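Hi,

Here is the structure I promised to pass on. Have a look at it first, and then read my notes underneath.

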Amino acid sequence: MNKLVIAVVFVVAMAIGCSQTEGATPLPSQVTPTVEATVAILGPTPLQVSTIPDPPVVSTISSSPATKDSNPLNSSTEPRQRPATGRGFVPLDDPLFLAIDQSEFADDELVLGVEWAGEARAYPVRMLRYHHIINDSVDGSPFLITY
Amino acid sequence: MLDGKRLTFETFGLLDDVFRMKDRETGTIWTHLDGKAIAGPLEGQRLTMIPLPQTTWGEWKTAYDDTLILSSETPFSDRYVRPVQIGVFNPREANYGDDRLPFNILVVGVEIGGVFKGYPLFDLALAGGVVNDAVGGMPIVVVYDQIARTGLAYLRQHDGQILEFYNASDDGYEIRDRETGLLWDIHGRKKAGSGEEVRLEFVPSFITEWYGWSAYHPESQLYLAE
């Protein structure tokens, strides 16, 4: 029931170092075969935020997983972020932020808040409900917001 | 700043109706609920959880007057119009977890010292929004502000002293500890004039639905108000 198809984009690239360059050229990407998954309508889902651990150094990624690009519409020249077709969840990768007085949200808007690297940031739940994942960072210190 | 490389994540199917994540850099599969790497090159690693309180924008910007807020100007801005309806749920779609509670009951899920415990929001409210407890041999306080809709847990000790907290307001929410009599906010910060910030240590905790919590942690203890 509620079978959905989620297109999972796997970026075959290594981000060396800890900060990402502004305006970097798009990472080369390949598209894996679509993954079929049973996705329930996610109600009020778990709230969690995690810092990125210091993983063991992975020397190289020798090859991408077996990829079979069966969809001619999937082109590696496509921008990494685009509205999802269907109901898959699209992570938000390069979030932009506004100061309090620039925000259009009302005081009763439900948000998740985080303090990280000396900065406070709020994430409206209505946006998290669509993306479920935000890959964020403050001053090159990365963290993951997941809802 | 980390010596390692940055990982970025996307969603990857479901496990017990809770989505999993995949990092793009190594292809490792991670759980959403507790940030564990369950398959792939980084298997066995775990992400560190930091506080992510749910609250209202009005409450948050009062507590953090220099906060920023995520801009809704994204390529997906037309997808944010659906109002958020907390608690609306189709139970047929989440037949996971155990039957101690209905599947979609919201709890503050707490993990400390390898021990898990769920605190239903209803029971936290009954208890006045402050529960002093001992879990895994550690003294913790679970706080829940019904108006701000915030629920989190902290270690209730400071400077070697174990503190006991209570809601000092009859009709609102105001956390004090009995030992010093001073006020604390829901983010674990002592409201003690100026100077150095004093705050309680965060205990990994978040608001979640019972089905996922009890499916991932079947051994979870359950708090019920007396």
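Below is what I found for chain B, going from the overall fold down to one small sheet.

First, a caveat: this is a predicted model.

Overall shape: the C-alpha trace of chain B spans about 50 × 40 × 40 Å along its principal axes. Chain B has three helices and 20 strands. Its radius of gyration is 19 Å, close to the 17 Å that the globule rule gives for 226 residues, so chain B is as compact as a globular protein of that length. Of those 226 residues, 45% count as buried. As for the contacts in chain B with a separation of 6 or more, 46% come from residues 24 or more positions apart.

Domains: the assignment splits chain B into domain 1 (9-39) and domain 2 (91-222). Their C-alpha centres are 26 Å apart. Where they meet, five residues of domain 1 of chain B contact seven residues of domain 2 of chain B. The domain 1 side of that contact has two nonpolar and three charged residues, with no polar ones.

The small sheet: there is an open sheet of three strands in chain B, ordered β15-β16-β17 and paired antiparallel. Its edge strands are β15 (165-167) and β17 (183-184) of chain B, each pairing on one side only. Strand β16 (residues 175-177) of chain B is joined to β15(B) by three bridges, and the two run antiparallel. If you want a spot to zoom in on, which residue of β16(B) stands opposite Tyr166(B)? That would be Arg176(B).

Cheers

Note on methods. Residues numbered from 1 in each chain as written. Chains lettered and ligands numbered in written order. Predicted model: local features only at pLDDT ≥ 70, side-chain atom pairs only at ≥ 80, totals over all residues. Domains from an automatic or database assignment. Contact = placed C-beta atoms within 7 Å. Nonpolar A, V, L, I, M, F, W, Y, C, P; charged D, E, K, R; others polar. Helix = DSSP H or I, 4+ residues; strand = E, 2+ residues; numbered from the N terminus. Rg over C-alpha atoms; globule rule 2.2 N^0.38 Å. Buried ≥ 20, exposed ≤ 12 C-beta atoms within 10 Å, placed from the backbone. Pairing = 2+ DSSP bridges.
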